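Q: I would like to learn how to read a protein structure, one feature after another. Could we go through this example together?

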Amino acid sequence: KLSVAPEIDIMEYCRKEWRGNTPVAKRMRKGYEAVSRKFASIRRVRGDNYCALRATLFQALSQATQVPSWLESEDFTMLPERLLSKYDWIQQWQLKQKLSRKMGEISDEIKEYLMLLRKKWKYISEIKDPIEKQAACDKLFKNEEEEYSLYEALKFLMLNTAIELYNDDKSGRRVPVFSWLLFARDTSSNPCQLMHNHLNHIGHSGGLEQVEMFLLAYALQYNIQVYRLYKHSTDEFITLYPNDPEEDWPVVILITEDDRHYNIPVGMCQETVL
């Protein structure tokens, strides 16, 4: 089962999906037309609740030429241990459909996921030939066990980023605006609630909300640029996470029709510049 389908011509895909003459179909067609000026094809991403993580990670890996510095750092794999020693509520982290386990186990398991993320990123980024690189990504995203382990790693990195931002704000340091919005929700007024009510559900009963796309971008230190087709002809048609792109962060580009399901545009003019 391939999580990211082979590429198909973007306008062909659009004609198949949006045939009618409703205002929505017309807007979608216009949106796809605008995207087709930059990209020739689209790859459809499997639409479960990991969709945003899958599309973002697939794009990041298929373009990777080096391992991000945060992934190389000495204490990267010590993260679960370090966080669990400070915040015992992280014991209630929900791992891949499994519930309740001993504290040592959860820390070891997340550590394994983080090590797998580093290993795969390193392996794929070292492949020079673009066709081979693509084939390696396709292979990884066919291996369910590994693929879902990588999403757990990403979710844990999102939790770590949320904790850092929350603590920075509490100690009077400057934080990005989305961080206030993240913790202004009734369901996530602190990192513990964020974990219980949001992060634990990603992949199970829910996907990423908009404000969590910012959190993902900060966790990976990537600029995520999204063509939001239903917003065509408004200034939200192309949305950036973060709003003010970080100059030294790489860019991944996604397409969504509804802010829930994300696909991948491919076959563009070589360099992507925001």
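A: Let us begin with how a helix is packed, keeping in mind that this is a predicted model. Helix α2, residues 23–36, lies across the strands β2, β3 (223–228) and β5 (251–256), and α2 runs at about 120 degrees to β2.

Q: Which strands does α3 lie across?

A: Helix α3 lies across β2, β3, β5 and β6, running at about 140 degrees to β5.

Q: How do strands join into a sheet, and what is the order of the strands in the open sheet here?

A: In general, the strands of a sheet pair through backbone hydrogen bonds, and the pairing is either parallel or antiparallel. In this structure the open sheet has six strands in the order β1-β2-β6-β5-β3-β4, with mixed pairing. At the edges stand β1 (8–9) and β4 (238–241), each of which has a single partner strand, so one side of each is left without a neighbour in the sheet.

Q: How many bridges join β2 to β6?

A: Four bridges join β2 to β6, which covers residues 262–268, and these two strands run antiparallel. To follow one pairing by eye, take S41, whose bridge partner in β6 is V266.

Q: Which residues does UniProt list for "active site"?

A: The unreviewed UniProt entry lists D48, C51 and H261 under that name. Although these residues are spread over 214 residues of sequence, they cluster in space, with a largest C-alpha distance of 8.3 Å.

Q: Is C51 buried or exposed?

A: A residue is called buried when its relative accessible area is under 20%. C51, which is found in helix α3, has a relative accessible area of 1% and is therefore buried. Leaving aside residues up to four places away in sequence, C51 touches V45, R46, R260, H261 and Y262, and H261 is also one of the residues in the UniProt list.

Q: Where is the place of D48, and which residues does D48 touch?

A: D48 has its place in the loop between β2 (39–43) and α3 (51–63). With a relative accessible area of 23%, D48 is partly exposed, and D48 touches R54 and Y148, again not counting residues up to four places away in sequence.

Q: How much space lies in the largest pocket, and which element gives the largest share of its lining?

A: About 1200 Å³ of space lies in the largest pocket. Of the 37 residues that line the largest pocket, the closest to its centre are Q59, S62, Q63, A64 and V251. Helix α3 gives the largest share of the lining, five residues.

Definitions and conventions. Residues numbered from 1 in each chain as written. Predicted model: local features only at pLDDT ≥ 70, side-chain atom pairs only at ≥ 80, totals over all residues. Heavy atoms only, no water. UniProt positions renumbered as here; feature names shortened; annotations may be inferred. Buried < 20%, exposed > 50% of the residue type's maximum accessible area, 1.4 Å probe, protein only. Contact = heavy atoms within 4.5 Å. Pairing = 2+ DSSP bridges. Axes fitted to C-alpha atoms, helices over the stretch in contact; angles between N-to-C directions. 1 Å grid on protein atoms, 1.4 Å probe; cavity = no way out; pocket = protein on both sides within 12 Å on 5 of 7 lines; lining within 4 Å. Points joined across faces, edges and corners; volume = space filled by probe spheres on them.
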